[in-house]
Amino acid sequence: MLKLWMFVALLLCHSLAVFAVPPVPPVPTDPHSFANIEQVQSRKLTLDLTVDFEQQQLHGFVEHELHRKDPKVEQMILDSRALVIEKVLQANDQGDWQIATFTLGEVDAIKGQPLTINLVSTTTKIRVYYRTTAASSGLQWLSAAQTSEKRQPFLFSQSQAIHARSWIPLQDTPALRVSYQARIRTPKQLLAVMSADNSQNTERDGDYRFVMPQPIPSYLIAIAVGDLHFQSMSEHTGVYAEKTWLAKAAAEFNDTQKMMDVASKLYGQYPWGRYDLLILPASFPFGGMENPRLSFITPTVITGDKSLVSLIAHELAHSWSGNLVTNSNWNDLWLNEGFTNFFENRLMAEVYGPARAAMEYSLSVKDLQRDIAELEPLDTALQLQLAGRDPDDAFSQVAYVKGQLFLQLLENKFGRTRFDGFISAYFQQFAFQSMDTQTFLKFLQQQLLDKYPGVVSQAEVEQWVFGPGLPQGFPTQPSDAFEQVAKLQQAWLAQEIGLAELPSQAWTVHEWLHFINLLPRDLAPAKLAELDAAFSFSQSGNAEIFVAWSRLAIPLNYLPVMPQVKQFLLRVGRTKFVVPLYRLLLDNPAQQVFANDIYQQAKAGYHPLTQAQIDKAFGG
Ligand code: BES
Ligand code: ZN
């Protein structure tokens, strides 16, 4: 019925087009959303939520201001997942509220449930009263015992890619932007923060208000509640954390302002006002999440030596690539992550020097090559094909590093000055808009390929974007330091020098990582023990070094590392680390029972997203 109606409308539009009605560009549809954004859009939302730690649920309402694209629209479809919908109200522009009828559709394992709300012709606002549930995948509730201070509970959200719908019924697609305000009620002794303005001198009274005036995609709506404290790092930057981490984090990340200044010089003024960091408990499933004005950060990068601060450069870079110009659906994730990795590396070179940036670049390329070797060829193209699949299962280093290398290639070919200009123009022209691969390619064609013919061909571009694997002749950044490490390792393996002769005192974390990654995967047990005795890799407090070492040691069944692996898995929930560790244990027949025992003990402390990934590793 609906289809027939649409068909007639289409025909009508077509015949009208002859009479000079400009065609409306088709809105690219998002395979991971039920929302009917071609007909009606929420452009502004208001949250009023109570954070109930006893029930471990959020309850309250979300109000959406409607923007009708189709004046005749009779229904609004929102995305939802694992929510209890209590009632829906609608209002006209006089503010008269009345009940709206709704249906909650069948559960789709990936997308959740469509919440279809019946509108009357005068409706300008809807208000949905709801509660979250234990299955709300975008929230992690931690008991006091699971926090660093062990005194107060903690809650945080992780909405990217499609989990905002599990704590707010909304149009959950990055094709759309919404501004928001919120009132959040918490236990009095706790502080709530959001991806919005967080005033530094808020009274800690359990009643908090937030405004995010700039329109953002739904996956950037974020909240955290805990025994949080604030420490300023510079006029525009600061850290929120539990007391344990506060001073350490502020010291570790005190170059953030420098990064911001460099970034603003490169690609245009920082568009969001303040930039603060929130240090999450160690169960945070990612390294970082670029929630605007307030990046969420894993504590595993607080090492005391700033060795892992490229994560901050990365999340900060998203303030432009991702938050300002946003991938319009998850097939185009590379437009967020590839640009951001490229931008990140540029920032690292400016702030910490080209030698460090070159090392980080090489390490990334290694990670990419490892991923590509394990992926289906289809998943190694920059533009992904995720329809019918869970985006959480398909993300890899391809979007990040292959995307970065493609942009690096363009920079190398067109020259830095031109390419800087190109990227600035891109951010400026598409600010606060969504971007898909096709539109980007058109812009690239106009701004560079056509202007400077003969430099890069369209076929080359298409091979990078749509083709599998890593194209030959991908750009590299040679690192003298890494070459030195490789040479010395060869000499040690050939028994020409002893470990004491390595200039290891002077090596940075990056050199160590390269050293470990280069070690032969069939190293003799005595050699493993010799290395461990000399450098204590099994005891390393640097998570990157520890995991790199474990990748070598677990398959070789090097037993001294196992208790440490267990400790690590009980303490840390960052998916990037724990999923590979479980996989390695499970691939080693001697450690399968051990892996299972650890998981039974650790599982309750992991984020739902991390649990889902580990369950898959266990074949669940
Ligand atoms: N936006 C991502 C995290 C993300 C991506 C969450 C896709 C859900 C779906 C964030 O910016 C990120 O890339 N984090 C990385 C760190 C980085 C330095 C590569 C991470 O968490 O490891
Ligand atoms: Zn990122």
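The buried residues of helix α13 are covered by several parts of the chain, among them α6 (354-374), α12 (480-493), α14 (525-535) and α15 (543-553). Keep in mind as you look around that this is a predicted model. Helix α13 itself spans residues 509-518 and is mostly covered, with eight of its 10 residues buried. Here, a residue is called buried when its relative accessible area is under 20%. If you would like to find these residues in the structure, look for V509, H510, E511, W512, L513, H514, F515 and I516.

Next, let us turn to the empty space inside the protein. The count gives one cavity of 30 Å³ or more, and the volume of the largest cavity is about 60 Å³. Which residues line the largest cavity? Its lining is made up of S42, L45, H64, L170, Q171, T173, L176, R177, V178, I216 and S218. Sorted by class, that lining holds five nonpolar residues, five polar ones and one charged one.

Our last stop is ligand 1, which has 15 residues around it. The closest of them are Q160, G287, E290, E315 and Y400. With G287, the backbone is involved: one of its N or O atoms lies 2.5 Å from an oxygen atom of ligand 1. Two histidines reach the ligand through their side chains instead. An N or O atom in the side chain of H314 is 3.1 Å from an oxygen atom of ligand 1. For H318, a side-chain N or O atom is 2.9 Å from an oxygen atom of ligand 1.

How values were computed. Residues are numbered from 1 along each chain as its sequence is written. Chains are lettered from A and ligands numbered from 1 in the order in which they are written. This is a predicted model: local features need pLDDT of at least 70, side-chain atom pairs count only at pLDDT 80 or more; totals for chains, interfaces and linings use all residues. Side-chain values use heavy atoms; hydrogens and water are left out. Buried means under 20% relative accessible area, exposed over 50%, partly exposed in between (1.4 Å probe, protein chains only). Helices (H or I, at least four residues) and strands (E, at least two) are DSSP runs, numbered from the N terminus. Contact means heavy atoms within 4.5 Å. On a 1 Å grid over the protein atoms alone, a cavity is a set of points where a 1.4 Å probe fits but cannot get out, and a pocket is an open set with protein on both sides within 12 Å along at least five of seven lines; lining residues have an atom within 4 Å of a point. Grid points are joined across faces, edges and corners, and a volume is the space filled by probe spheres set on the points. Ala, Val, Leu, Ile, Met, Phe, Trp, Tyr, Cys and Pro count as nonpolar, Asp, Glu, Lys and Arg as charged, and the others, Gly among them, as polar. A residue is near a molecule or strand if one of its heavy atoms lies within 4 Å of it. A polar contact is a pair of N or O atoms within 3.5 Å; within protein, one must be able to donate a hydrogen and the other to accept it, and residues adjacent in sequence count only if both atoms are side-chain atoms.
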